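This briefing is meant to be read with the sequence and the coordinates open side by side. It takes up a metal site and then the packing of several helices.

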Amino acid sequence: MFEKSTWIRLPRNVVVGHGVLDDAVEVVRDTHLTGRPLVVTSPTPKTVAAENVVAQFEAVGDDPAVVVVEEATFESVERVLGEAEAVDPGYLVGVGGGKAIDIAKLASDHLNVGFVSVPTAASHDGIVSGRGSVPEGDTRHSVSAAPPLAVIADTGVIADAPWELTTAGCADIISNYTAVKDWRLANRLQHVPYSEYAGALSQMTAEMLVDNAANIKPELEESAWVVVKALVSSGVAMSIADSSRPASGSEHLFSHQLDRIAPGKALHGHQVGVGSILAEYLHSGQEGQWMAVRDALASLDAPTTADELGVTDDEVLAALTSAHEIRDRYTILGGGISEVAAREAASRTGVI
Ligand SMILES: [Zn+2]
């Protein structure tokens with residue numbers, strides 16, 4: 001008897017391109033969201049994008065409310081929830097890089113209202129997925145919710161963001177290679193469900209980005225286009241799988257652990273990129289494999305060493321040997337790797 005079923009939740013409207021920020025009201029109307037918008041943003045994105053969005057909602061009489069958050073903390077989420085209690089929003093609009101979007105995502109999930117993502121940087125694949133987390137003390141508040149109902153990614157705005165944010169987004173996409181390898185391994189060893197479609201899409205996304213690496217350059221709007229499309233594609237792979245597996249494996253565990261051990265030192269995407277070099281080495285040990293990942297990262301100006309991340313060798317080793325403890329996700333790290341093996345992996349790949 002056939003008993004399988006699947007529920008694929010995708011964003012309804014994904015609007016990418018030059019000047020699309022000006023279409024915010026039209027996109028929201030087309031998504032059938034109603035009521036007052038509550039715009040969640042942070043200081044710089046407020047000036048470069050949120051003020052424009054707010055003015056558009058004001059012009060059509062939607063009476064938008066705004067919360068400016070400074071940090072990605074649970075306190076910020078609570079501030080947004082407090083504001084929501086006062087204004088009773090119909091939906092939330094996150095305008096910013098990672099921070100404001102993650103906070104809006106967590107708050108909208110809590111409030112059970114719709115969420116619109118307006119990224120001002122292409123720094124990670126969370127801009128199109130329902131997944132996000134904010135740290136609180138030693139733990140993290142995570143959400144695995146529906147993806148945003150709409151994504152409005154203006155390439156003009158994104159191309160103006162600091163270059164390192166774009167290189168972090170590229171590295172997050174390159175990490176799909178090892179995420180898919182870990183997923184396949186978990187399928188073979190632990191019978192974790194594997195989706196051929198999601199795995200292939202995720203891997204192809206990384207391949208296309210690497211093939212296009214020569215066209216990804218600072219302040220080039222076309223680069224913003226290439227990277228945003230790849231982030232959307234990664235997000236779709238996660239939606240198809242109903243899991244972050246297609247884009248998150250041992251390299252992400254390594255990065256989450258680095259967040260605890262050396263908080264605030266490097267960007268998420270840059271950490272997972274270095275994690276990917278290590279994960280590729282652990283998967284095959286063959287030079288060709290991990291060197292290809294390292295060279296792709298280097299060609300995109302993304303860090304490939306502990307030094308370039310701004311962390312110490314010991315912090316890398318501590319993160320690598322404890323990354324398997326973070327969550328119940330089977331990867332090449334298995335039940336953990338020894339200090340000697342970690343040092344060998346990190347020094348042979350030149351990470352330390
Ligand atoms: Zn990521």
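## Metal site and helix packing

The site of the zinc ion is irregular, with angles of 52 to 146° among its 4 donor atoms. The model is predicted, and the points below should be read with that in mind.

**The zinc site**

- The zinc ion is coordinated at 2.1 to 2.7 Å by Asp172, which is listed twice through OD, and by the NE2 atoms of His252 and His268.
- Along the chain, the donors of the zinc ion follow the spacing D-x79-H-x15-H.
- Histidine 252 belongs to helix α10 (residues 250–261) and histidine 268 to helix α11, so this pair ties together parts that are 16 residues apart in sequence.

**Helix α6 against helix α11**

- Helix α6 (residues 163–174) and helix α11 (residues 268–284) have axes that come within 7 Å and cross at roughly 40°, and the two helices are therefore oblique to each other.
- The crossing of α6 and α11 is left-handed.
- On the α6 side the contact involves Glu164, Thr167, Ala168, Ala171, Asp172 and Ile174, which meet His268, Gly269, His270, Val272, Gly273 and Ser276 in α11; by class, this contact of α6 with α11 has 4 nonpolar, 6 polar and 2 charged residues.
- Asp172 and His268 appear in this contact, and both residues also coordinate the zinc ion.

**Helix α6 against helix α9**

- The axes of α6 and helix α9 (residues 221–241) come within 10 Å and cross at roughly 40°, and α6 and α9 are therefore oblique to each other.
- Where α6 passes α9, the crossing is left-handed.
- Thr166, Gly169, Cys170 and Ile173 of α6 make the contact with Val227, Ala230 and Leu231 of α9, and the residues of this contact of α6 with α9 comprise 5 nonpolar, 2 polar and no charged ones.

**Helix α3 against helix α4**

- Helix α3 (residues 74–87) packs with helix α4 (residues 98–111) at an angle of about 50°, their axes being 9 Å apart, which makes α3 oblique to α4.
- The crossing of α3 and α4 is right-handed.
- In α3, the residues Ser76, Val77, Val80, Leu81 and Ala84 meet Ile103, Leu106, Ala107, His110 and Leu111 in α4, and the contact of α3 with α4 divides into 8 nonpolar, 2 polar and no charged residues.

How values were computed:
Residues are numbered from 1 along each chain as its sequence is written. This is a predicted model: local features need pLDDT of at least 70, side-chain atom pairs count only at pLDDT 80 or more; totals for chains, interfaces and linings use all residues. Side-chain values use heavy atoms; hydrogens and water are left out. Axes are lines fitted to C-alpha atoms, for helices over the stretch in contact, and angles run from 0 to 180 degrees between N-to-C directions. Helices (H or I, at least four residues) and strands (E, at least two) are DSSP runs, numbered from the N terminus. Angles under 35 degrees count as roughly parallel, over 145 as roughly antiparallel, 65 to 115 as roughly perpendicular and the rest as oblique. A crossing is left-handed if the near helix is turned anticlockwise from the far one by less than a right angle, and right-handed if clockwise. Contact means heavy atoms within 4.5 Å. Ala, Val, Leu, Ile, Met, Phe, Trp, Tyr, Cys and Pro count as nonpolar, Asp, Glu, Lys and Arg as charged, and the others, Gly among them, as polar. Donors are N, O and S atoms within 2.8 Å of the metal (3.2 Å for Na, K and Ca); water is not among the atoms, so sites may look incomplete. Four donors count as tetrahedral if all angles lie between 85 and 135 degrees; four count as square planar and six as octahedral if opposite donors are over 155 degrees apart and all others between 65 and 115; anything else is irregular.
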